[in-house]
Amino acid sequence: MFAAQCRQTDAASRAPVFTFKGPPEEETGTMGYGNIMAVETTGASEKTARQDRLDSGGVRASYTMAKTDSGRMEKYKSIINAVGSKYDIEPALIAAIISRESRAGNVLQDGWGDHGNAWGLMQVDVNPSGGGHTAKGDWNSEEHLSQGTEILIYFLNRIKNKFPSWTSEQQLKGAIASYNTGDGRVNSYENVDEKTTGKDYSNDVVARAQWYKTNGGF
């Protein structure tokens, strides 16, 4: 069983520890991994929305949760933007993962979440039965965000190889789902979130990213 399945926060799982060398030259440039604003999304599930005592799920619920975290997110904006630029990943997407995973640090205890199984703002999975990563950097550091972003890019490349006929935006959504559940559990675009926490991880993260892109200054 994937460690993330039983979590209230959603930790990156099932990516082997690896050395990231940066995106290939042909993938560099603005939004080299797809346009987050063009990714389809149904937003948060009712289960996820209930964490904030919202009456219903959907895109509006994701927007509300992103907005709730926006004040706390502000203190990390500079390092989020720096990491996004470094890896050619939309900073708003990094912010959205931080929002979903740790509520911009609000649910962490001394940098730890998931009963000590996940580290930092992006909740890198250190459980040997899950991702098995070695945590890098302080929980709120640029080094930590770089590690989480490298894990996301690892999964993006796995999804590209697994589903070469998908559009860049579909592959990006598949990678976001994989960040939570592993690429081996993403089997179709239509049911991309079937095995993610709350059955909504990528849809919720995409909607939060779109809010941060439009309203959060990322």
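A crossing is left-handed if the near helix is turned anticlockwise from the far one by less than a right angle, and right-handed if it is turned clockwise. I wanted that written down before looking at any helix pairs.

**Entry 1: the overall picture**

I am working from a predicted model. I went through the secondary structure and found seven helices and three strands. Read along the sequence, I get α-α-α-α-β-β-β-α-α-α.

Next I looked up burial, and 57% of the 218 residues count as buried. The exposed surface comes to about 9,600 Å², with carbon and sulfur atoms supplying 45% of it. I also checked contacts with a separation of 6 or more: residues 24 or more positions apart account for 64% of them.

**Entry 2: α4 against α7**

I started the helix pairs with α4 (91-102) and α7 (201-215). Their axes come within 8 Å and cross at roughly 125°. I call α4 oblique to α7, because that angle falls outside the 65 to 115 degrees for roughly perpendicular and is not over 145. By the definition at the top, α4 passes α7 in a right-handed crossing.

Which residues meet here? On the α4 side I listed Ala92, Leu93, Ala95, Ala96, Ile97, Ser99, Arg100 and Glu101. Facing them in α7 are Tyr201, Asp204, Val205, Arg208, Ala209, Tyr212 and Lys213.

**Entry 3: α6, and its own meeting with α7**

I checked the length of α6 before anything else. Helix α6 covers residues 168-181, and at 1.5 Å a residue its 14 residues should span 20 Å. I find its end C-alpha atoms 20 Å apart, which agrees.

Is α6 mostly covered or mostly open? Mostly covered: 11 of its 14 residues are buried. I noted the buried ones as Gln171, Leu172, Lys173, Gly174, Ala175, Ile176, Ala177, Ser178, Tyr179, Asn180 and Thr181. They pack against α4, α5 (142-162) and α7.

For the α7 partner I pulled the geometry too. The axes of α6 and α7 are 8 Å apart, at an angle of about 115°, and the crossing is right-handed. From α6 I have Lys173, Ile176, Ala177, Tyr179 and Asn180, and they meet Tyr201, Ser202, Asn203, Val205 and Val206 in α7. Tyr201 and Val205 are on the list of α7 residues that meet α4 as well.

Just past the end of α6 I looked at Gly182, whose phi is positive, near 95°.

**Entry 4: α3 and its neighbours**

Helix α3 (residues 77-87) packs with α5 at an angle of about 40°, the axes being 10 Å apart. The two are therefore oblique to each other, and their crossing is right-handed. The contact uses Ile79, Ile80, Ala82, Val83, Lys86 and Tyr87 from α3. From α5 it uses Glu142, Leu145, Ser146, Thr149, Glu150 and Ile153.

I remembered the general rule here: an α-helix has 3.6 residues a turn, so residues three or four places apart point the same way.

Then burial in α3: Lys77, Ile79, Ile80, Val83, Gly84 and Tyr87 are the buried residues. They pack against α2 (59-73) and α4 as well as α5. After α3 comes Asp88, and its phi is positive, near 65°.

**Entry 5: Gly43**

I picked out Gly43, in the segment before α1 (46-50). Is it buried or exposed? Gly43 counts as buried, because its relative accessibility is 3% and the cut-off is under 20%.

What does Gly43 touch, leaving out residues up to four places away in sequence? I get Gly58, Val59, Ser62, Asp200, Asn203, Asp204 and Ala207. Two of those turned up earlier in α7: Asp204 meets α4, and Asn203 meets α6. I also looked up Ala61, which is 18 residues from Gly43 along the chain; their C-alpha atoms are separated by 7.1 Å.

**Entry 6: positive phi in the loops**

Last stop, two loop residues other than glycine. Ala104 lies in the loop between α4 and β1 (112-113), and I read its phi as near 55°, a positive value. Ala104 is buried, with a relative accessible area of 3%.

Asp114 sits in the loop between β1 and β2 (118-119). Its phi is positive too, near 50°. I have Asp114 down as buried, with a relative accessible area of 11%.

Definitions and conventions. Residues numbered from 1 in each chain as written. Predicted model: local features only at pLDDT ≥ 70, side-chain atom pairs only at ≥ 80, totals over all residues. Heavy atoms only, no water. Helix = DSSP H or I, 4+ residues; strand = E, 2+ residues; numbered from the N terminus. Expected span 1.5 Å × (residues − 1). Buried < 20%, exposed > 50% of the residue type's maximum accessible area, 1.4 Å probe, protein only. Contact = heavy atoms within 4.5 Å. Areas by Shrake-Rupley, 256 points an atom, 1.4 Å probe, with all protein chains shown as cover. Axes fitted to C-alpha atoms, helices over the stretch in contact; angles between N-to-C directions. Parallel < 35°, antiparallel > 145°, perpendicular 65-115°, else oblique.
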